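Let's take a walk through a protein model together, from the whole chain down to a single side chain. Please keep the viewer open as you read.

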Amino acid sequence: MQAAGSEASVPVEPAGATSSAGHHATGSPGPVPAGFEVRELRVPLDATARVTGLRLLFPAGFGRKADRLAQEASFALATLARLWGPPPESGFSLLLSPPELLPPSLSDRPQVVLVERFGDPFREEAEALCLALARQWWRNLFAGDGSEEPYLEEGLVTYTAARLFAVRHGGRPAGVRIGGLALPLPLPPLTPFEAMRARLLAGAPIDPLARDRGSYGDRASRALLTHDGMALALAEIASRLGEERFDQGLALFAARHRGGRARADDLVRALSAVAVDDLWPLWQELTGEPGLSDFAVTRVRSEPDPSTPGRMVSQALIVHRSGPRLPLVVELRFADGSRQRVFWDARAAWLRLHATGPRLVEVHLDPGESGLLVHGKADDARLVVPDPGPRRRFTQRLRFFAQLVLEALADLA
């Protein structure tokens, strides 16, 4: 039996018409242990001379790299204050060290975050530092160990770290990893959120920068993928609201619930207040369905209208295949150059569009948009009839070939 869908007619206008960390707790790290060096700073947070304390411990010998990482941490804290308001009352303390160099006396010290480093690359340590600071920034917002909202806290921490890293560094060089070999690609750098999307698209266990020993099992990998998914849900809402309004919502959320027992509905209420719209249905879709949103144009046709010479009768079928039911825009492009857009809330399983007028040439979903939680673009556009321009036809084929190659590479990422 076919799932329920919906039908819609499109008025056609002529062309030209306008239309998880290694360890974390709270407290004080105590004196500097033997074999470690310390950087202590007072970080200015805004023009009103507010400052917060920052204490970082490094294995001896970090030298100039310790100074660079201290600058990274200072920038991150100042950025967090600018985006989302005052920080927690106490200062920040971090330990950056491989676990094997951790003194036993510090293993359970409060307010210390242990971050494992991989091959000593500075960019990975900077990203790990962002993750550790994000965890401390949100530390007194949620109840207890976060068990009431098991993925909200981790997702918010992951989103925050990715946002900080993107502001500071933009992204990582594009590439794929096959076995132990990393192959660079001649593409623009991947932002942290694009990298998360690639991991979710591939469905493979991820190798996080901050992790416990023994956290390589399937259960931990699934949890970390879920944290990525929650971070991407937040990034998707930010893209729909605009970062400025989204930041206002997060600042309101933090101001209301510091030291309290924040829940998901508290976050959604704060974001909805800024958006002047109820975001709860969107939140439930983004966080309640696993994986990425997958829509496809599956059937198109354009035939002469027997009742009117020179007029065409066209249909396009769009199907929701899996994942969250995110609202989208369907754009129909006609032979005379005109375009018509239809908004679909995606509550039904499919949408069939009917149009009469010029010949239907192309159908596109969310044209010009690059949704982070969208499965892929290769089957989201269909050419109904051949384009009479050979040059344009070649570029279209080349574009679709490139999309297929990129999707295949994402599966290997």
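The paragraphs below begin with the chain as a whole and then turn to a helix, a sheet and one residue.

What you have in front of you is a predicted model, so a good place to begin is the confidence. The mean pLDDT of the chain is 74, with 67% of its residues reaching 70 or more. Over residues 16-29 the pLDDT is below 50, although this stretch has 48 contacts in the model beyond near neighbours in sequence. Residues 107-120 also have a pLDDT below 50, and here the model shows 60 contacts beyond near neighbours in sequence.

Now for the overall make-up. The chain contains nine helices and 14 strands. It has 413 residues, and 46% of them count as buried. About 20200 Å² of the chain is exposed, and carbon and sulfur atoms supply 55% of that area.

Let's pick out helix α3, which covers residues 152-169. How far apart should its ends be? At 1.5 Å a residue, the 18 residues of α3 should span 26 Å, and the end C-alpha atoms are 25 Å apart, which agrees. Next, look at what surrounds this helix. Of the 18 residues of α3, 14 are buried, so the helix is largely enclosed by the rest of the structure. Here buried means under 20% relative accessible area. Just after α3 comes G170, whose phi is positive, near 85°.

From the helix we can move on to a sheet. Four strands make up an open sheet in the order β11-β10-β13-β14, with antiparallel pairing. At the edges are β11 (339-344) and β14 (381-383), each of which pairs on one side only. On average, neighbouring strands of this sheet are turned by 15° against each other, direction ignored. In general, strands of a sheet pair through backbone hydrogen bonds. Take β13, residues 360-365, as an example: it pairs with β14 in the antiparallel sense over three bridges. If you want a spot to zoom in on, V363 stands opposite R382 in β14.

Finally, let's settle on one residue, V43, which sits in strand β2 (residues 36-44). Is V43 buried or exposed? With a relative accessible area of 3%, V43 is buried, because the cut-off for that label is under 20%. Which residues does V43 touch? Leaving aside residues up to four places away in sequence, V43 touches R50, V51, T52, L54, S74 and L77. S74 deserves a second look: V43 and S74 are 31 residues apart in sequence, yet 5.9 Å apart in space, C-alpha to C-alpha.

Conventions: Residues are numbered from 1 along each chain as its sequence is written. This is a predicted model: local features need pLDDT of at least 70, side-chain atom pairs count only at pLDDT 80 or more; totals for chains, interfaces and linings use all residues. Side-chain values use heavy atoms; hydrogens and water are left out. Helices (H or I, at least four residues) and strands (E, at least two) are DSSP runs, numbered from the N terminus. The expected span of a helix is 1.5 Å times one less than its number of residues. Buried means under 20% relative accessible area, exposed over 50%, partly exposed in between (1.4 Å probe, protein chains only). Two strands pair if DSSP finds at least two bridges between them. Axes are lines fitted to C-alpha atoms, for helices over the stretch in contact, and angles run from 0 to 180 degrees between N-to-C directions. Accessible areas come from the Shrake-Rupley method with a 1.4 Å probe; for residues, only the protein chains shown count as cover. Contact means heavy atoms within 4.5 Å. pLDDT is the predictor's confidence in each residue, from 0 to 100.
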